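Colleague: I would like to go through this model with you, beginning with its cysteines. Please give the reasoning behind each reply.

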Amino acid sequence: VKDLISNNQLNISSEEKVFHAVLNWIKHDLDERQNHIAELMSHVRLPLVSRDFLMTCVETEPLIRDDAQCKELLLEAMKYHLLPEQRSLMSSQRTQERRPEGNY
């Protein structure tokens, strides 16, 4: 799962789908997979999801709220949306659009 979602050329219509895919994979076997949530969420480009999605789906998700590292990722995404003038200072893998092969 990590190799797939960390791929810079992943061909998806929105980063929201990656978020949901990670959550669905974790919840499929919660007891065994919950400990992977922070590592996997670090590959979801939360700064690139809409503010609406960030507040209605990400911020309200108990698995995100209950994990300190995931809360840091959420905070990073919120700052990205709240401080557009500082986005150049927040540059990271999570703020780069995915570029599927042939879509340049």
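Colleague: How many disulfides does the structure hold?

Modeller: This is a predicted model, and a disulfide requires two cysteine sulfur atoms within 2.5 Å. For Cys-57, the nearest cysteine sulfur belongs to Cys-70 and is 15 Å away. Because that distance is too far for a bond, Cys-57 is in no disulfide. The number of disulfides in the structure is zero.

Colleague: Is Cys-70 buried or exposed?

Modeller: The cut-off for buried is under 20% relative accessible area. Cys-57, at 26%, counts as partly exposed. Cys-70 has a relative accessibility of 1%, so Cys-70 counts as buried.

Colleague: Which geometry does the aromatic pair of Phe-19 and Phe-53 have?

Modeller: A search of the whole structure finds one aromatic pair. In that pair, the rings of Phe-19 and Phe-53 lie 5.5 Å apart, centre to centre, with 90° between their planes. Because planes over 60 degrees apart fall in this class, the geometry is edge-to-face.

Colleague: How many residues apart are Phe-19 and Phe-53, which link distant parts of the chain?

Modeller: Phe-19 belongs to helix H2, residues 15–28. Phe-53 lies in helix H5, residues 51–58. The two are buried, with relative accessibility of 1% for Phe-19 and 9% for Phe-53. Their separation along the chain is 34 residues.

Colleague: Which elements give two or more residues to the largest nonpolar core?

Modeller: The core has 24 residues, and Phe-19, Ile-37, Met-41, Leu-46, Leu-54 and Val-58 touch the most other members. Leaving out residues up to four places away in sequence, Phe-19 touches Met-41, Val-44, Leu-46, Phe-53, Cys-57, Val-58 and Ile-64. The elements that give two or more residues are H2, helix H4 (37–41), H5, helix H6 (62–65) and helix H7 (68–82).

Colleague: What percentage of the chain is helix over residues 2–59?

Modeller: An unreviewed UniProt entry annotates residues 2–59 as "domain: BACK". Over this range, the end C-alpha atoms are 22 Å apart. Strand accounts for 0% of the range, and the helix content is 60%.

Colleague: Which ring does the charged end of Arg-87 sit over?

Modeller: For a charge to sit over a ring, CZ of Arg must be within 6 Å of the ring centre and within 35 degrees of the ring normal. The charged end of Arg-87 is 4.4 Å from the centre of the ring in question. That ring belongs to Tyr-80.

Key
Residues are numbered from 1 along each chain as its sequence is written. This is a predicted model: local features need pLDDT of at least 70, side-chain atom pairs count only at pLDDT 80 or more; totals for chains, interfaces and linings use all residues. Side-chain values use heavy atoms; hydrogens and water are left out. Rings of Phe, Tyr and Trp (its six-membered ring) pair if their centres lie within 6.5 Å; planes under 30 degrees apart count as stacked, over 60 as edge-to-face and the rest as tilted. Helices (H or I, at least four residues) and strands (E, at least two) are DSSP runs, numbered from the N terminus. Buried means under 20% relative accessible area, exposed over 50%, partly exposed in between (1.4 Å probe, protein chains only). UniProt positions are given in the numbering used here, feature names are shortened, and annotations may be inferred rather than shown by experiment. A nonpolar core is a set of buried Ala, Val, Leu, Ile, Met, Phe, Trp, Tyr and Cys residues joined through side-chain atoms within 4.5 Å. Contact means heavy atoms within 4.5 Å.
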